[in-house]
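Okay, thanks for squeezing me in today. I'll put the structure up and then walk you through it piece by piece.

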Amino acid sequence: MLTRALRRAAPLLALVLAAAPLAAQQRRSPTDDVLEAAKRALNDLRYDEAIRLGRDLEAFADRLRPAQVVTLRQLLALAYYPEEPERQQPDSALRQLVALVTVRPDAELAPDLRWRGLDSLLDMARARTFAVGLVPADEVVLTGDGGPIEVAATRPARVRLSLVDRASGRVVVADTALVNGRGMLRLRAHDGQTALVRAGEHVLRLVAHEVGARDSVRSERAVVVAAPAVALQPLPALDPARLRPETERPDRARTAVKGLLFGVATAAIGSVARGGGRLARDFEPDPRAAGIGGIITLGSFALAATEKGRPIPANVRANGLVRAAHARALQAARDENARRLAGYRATLRPAPEEQ
């Protein structure tokens, strides 16, 4: 019975097997086909054809994926600078290698494309170019301690790496470092209380400034973040209605009136109370008395404006108990959130257009 079923299914199996290579071919990018054709032309020493194919792609290099750009620049560099001396165009090859280093600062030539002369040109391109970029990774796992993201630089640079929400443009997390050659930056998934990185489409934004120079570079790479949903406990807020007044209501009017009376009395004493007889005839009224009286009056008004009233000990004690209870509840919520976030992970993967 099994044999009979296999016979009936044989035509269908044959159709599926025949269609499989065609489906794989359809998934292949036309750009990859052109790059493969250029590589075959190089293998057959048809350098002009390889250059023509490469330049056709170069016209829209900004639409290519980073991996395709890296392959394109290497193929064109070898086409312009093969081992045959009569075919070498070092300036054109160097321009391609500078473009390669700009995209991938730590790029190395593919084993089947490299030779000593082209390696030397690549070293020259790296020495001439200030470039900083992310080292490709299939995925990066972010935790509370931070996920490592490697950066390469052709010269010492101060680098800032940010994870930006693609929809809102908001910077989610960031890190900075001094990078010389290669360096590691770390982006945190959470801070122990809040999940900083959520699932969705993001952008890794890199801004670098060369140490001791004015050169700077900026680049972005689209990533997709996968992260589980996490329910956090809301942090309790202190209800002001539960707090009692801790001081009596101040009598500012009485304080101001007292100050006014003292000021007027000071001015009057300085002007009138000079004694009688010869003392009153020989000395004029002291004009400073009015100023001193005014100062006393203004000072009393200022004191009245800032007067807080006498404290109420019973209310102070009651408020202390309310605040202590709130602090305990707040700490309990924070501890619970830290427990829930302890195993939280966010995984960064290159977006399809970046692969």
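Let's start with β8 and β9, which run antiparallel and are joined by four bridges. If you want one pair to look at, take Val225, whose bridge partner in β9 is Leu348. I should say right away that this is a predicted model, so please keep that in mind as we go.

Now zoom out from that pair. How many strands are in the open sheet that holds β8 and β9? There are six, in the order β2-β9-β8-β7-β4-β5, and the pairing is antiparallel. On the outside you have β2, residues 140-142, and β5, and each of these edge strands pairs on one side only. From one strand to the next, the twist averages 30°. As a quick reminder for anyone new to this, strands of a sheet pair through backbone hydrogen bonds, either parallel or antiparallel.

Let's move to the β5 end. Strand β4, residues 157-165, pairs with strand β5, residues 171-179, in the antiparallel sense, and eight bridges connect them. Ser162, for example, stands opposite Ala174 in β5. Together β4 and β5 make a hairpin with five residues between them. Look in the turn for Gly169, which has a positive phi of about 80°.

There's another open sheet to find, this one with three strands. What order do they come in? It goes β1-β3-β6, again with antiparallel pairing. The edges are β1, at 132-134, and β6, at 182-187, and each of those pairs on one side only. Neighbouring strands here are turned by 35° against each other on average, if you ignore direction. Between β1 and β3, which covers residues 147-153, there are three bridges, in the antiparallel sense. On that pairing, Leu134 stands opposite Val151 in β3.

Okay, pockets. The largest one holds about 480 Å³ of space. Its lining is made of 26 residues, and those nearest the centre are Pro66, Val103, Ser219, Glu220 and Arg221. Where does the lining come from? At least two residues each are supplied by helix α4 (66-80), α5 (90-103), β1, β7 (200-210) and β8 (216-226). The largest share is from β8, with six residues. By type, the lining splits into 13 nonpolar, three polar and 10 charged residues.

Then there's the second largest pocket, with a volume of about 310 Å³. This one is lined by 20 residues, and nearest its centre you'll find Val135, Pro136, Ala137, Arg221 and Pro350. So Arg221 turns up near the centre here, just as Arg221 did in the largest pocket. The elements giving at least two lining residues each are α4, β3, β8 and β9, the last of these at 346-350. β9 has the largest share, three residues. The breakdown here is 12 nonpolar, one polar and seven charged.

Over to the helices. Which residues touch the most other members of the largest nonpolar core? That would be Leu42, Leu97, Leu118 and Leu121, out of 34 residues in the core. Two or more residues each come from α2 (30-43), α3 (47-58), α4, α5 and α6 (116-128). The largest share, nine residues, is from α4. We met α4 a moment ago, lining both the largest pocket and the second largest.

I'll finish with three single residues. First up is Leu45, in the loop between α2 and α3. Its phi is near 65°, a positive value in a residue other than glycine. Is Leu45 buried or exposed? It counts as exposed, because its relative accessibility is 52% and the cut-off is over 50%.

Next comes Asp56, which sits in helix α3. At 44% relative accessibility, Asp56 counts as partly exposed. Its C-alpha is 9.1 Å from that of Val34, and the two are 22 residues apart along the chain.

Last is Pro352, in the segment after β9. Pro352 is exposed too, with a relative accessible area of 59%. How far is Pro352 from Ala222, in sequence and in space? They're 130 residues apart in sequence and 8.6 Å apart in space, C-alpha to C-alpha.

That's my tour, and I'm happy to go back to any part of it.

Terms used
Residues are numbered from 1 along each chain as its sequence is written. This is a predicted model: local features need pLDDT of at least 70, side-chain atom pairs count only at pLDDT 80 or more; totals for chains, interfaces and linings use all residues. Side-chain values use heavy atoms; hydrogens and water are left out. Two strands pair if DSSP finds at least two bridges between them. Axes are lines fitted to C-alpha atoms, for helices over the stretch in contact, and angles run from 0 to 180 degrees between N-to-C directions. On a 1 Å grid over the protein atoms alone, a cavity is a set of points where a 1.4 Å probe fits but cannot get out, and a pocket is an open set with protein on both sides within 12 Å along at least five of seven lines; lining residues have an atom within 4 Å of a point. Grid points are joined across faces, edges and corners, and a volume is the space filled by probe spheres set on the points. Ala, Val, Leu, Ile, Met, Phe, Trp, Tyr, Cys and Pro count as nonpolar, Asp, Glu, Lys and Arg as charged, and the others, Gly among them, as polar. A nonpolar core is a set of buried Ala, Val, Leu, Ile, Met, Phe, Trp, Tyr and Cys residues joined through side-chain atoms within 4.5 Å. Buried means under 20% relative accessible area, exposed over 50%, partly exposed in between (1.4 Å probe, protein chains only).
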